[in-house]
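Reader: Hey, I've just opened this one and don't know my way around. Can you walk me through the charged side chains?

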Amino acid sequence: MPGTPVTGTIVDIGLTVAYTVKNTNINMTASGETTIVSLVASKKIRVLSMAIFPISTATNLSFKSATGTTILNAMTLAANEGFVVPDLSPGWVFETTAGEALLGHQTVASNTRGIVNYIEV
């Protein structure tokens, strides 16, 4: 069920550390930046997997840390087309700078939907 945390064990740099895998829905409608995951003090948001789909309009989509640092370069997505990045454990897709929120940035107002699975490290 989306929004319900799942407890798991993830291996990080040769050490077994227990992290809670969390997920959140992506719901972007405006052009510009939208907060996807709020900041957690002194923690990075590490994205493990994701699915994203612009529903109404083609857009260019990128992901950033709150300081505006691009952490996943812009991708051109057509309306009603998107992508899925499956779980890459023990790797990850991208991560924010510690203590910063995960932002989605789209160049055009579009109803963009999806889900992100992440951990706080």
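Author: Sure. A salt bridge here is a side-chain nitrogen of Lys or Arg within 4 Å of a carboxyl oxygen of Asp or Glu. Keep in mind that this is a predicted model.

Reader: OK, how many salt bridges does the structure hold?

Author: Four. One of them joins Lys22 and Glu120, with the closest N and O atoms 3.1 Å apart. That pair links distant parts of the chain, with Lys22 in strand 2 and Glu120 in strand 10, 98 residues apart.

Reader: And what does Glu33 pair up with?

Author: Lys64, at 3.8 Å from N to O. Glu33 lies in strand 3 and Lys64 in strand 5, so the pair ties together parts that are 31 residues apart in sequence.

Reader: Are those two buried or exposed?

Author: Glu33 counts as partly exposed, at 43% relative accessibility. Lys64 is buried, with a relative accessible area of 15%.

Reader: Which residue does Glu95 bridge to?

Author: Arg46, with the closest N and O atoms 2.8 Å apart. Both Glu95 and Arg46 are buried. Lys44 joins in too: Lys44, Arg46 and Glu95 are linked in a network of salt bridges.

Reader: Switching topic, where is Glu100?

Author: In the loop between strand 8 and strand 9. Glu100 is buried yet has no salt bridge.

Reader: How far away is the nearest side chain of opposite charge?

Author: That's Lys44, 11 Å away. With salt bridges cut off at 4 Å, that distance doesn't qualify.

Reader: So what does the side chain of Glu100 make a polar contact with?

Author: The side chain of Ser65, at 3.5 Å. Beyond its sequence neighbours within four places, Glu100 is in contact with several residues, including Leu39, Ile45 and Thr67.

Note on methods
Residues numbered from 1 in each chain as written. Predicted model: local features only at pLDDT ≥ 70, side-chain atom pairs only at ≥ 80, totals over all residues. Heavy atoms only, no water. Helix = DSSP H or I, 4+ residues; strand = E, 2+ residues; numbered from the N terminus. Buried < 20%, exposed > 50% of the residue type's maximum accessible area, 1.4 Å probe, protein only. Lys, Arg positive; Asp, Glu negative; His and termini not counted. Polar contact = N/O pair within 3.5 Å; in protein donor to acceptor, adjacent residues only side chain to side chain. Contact = heavy atoms within 4.5 Å.
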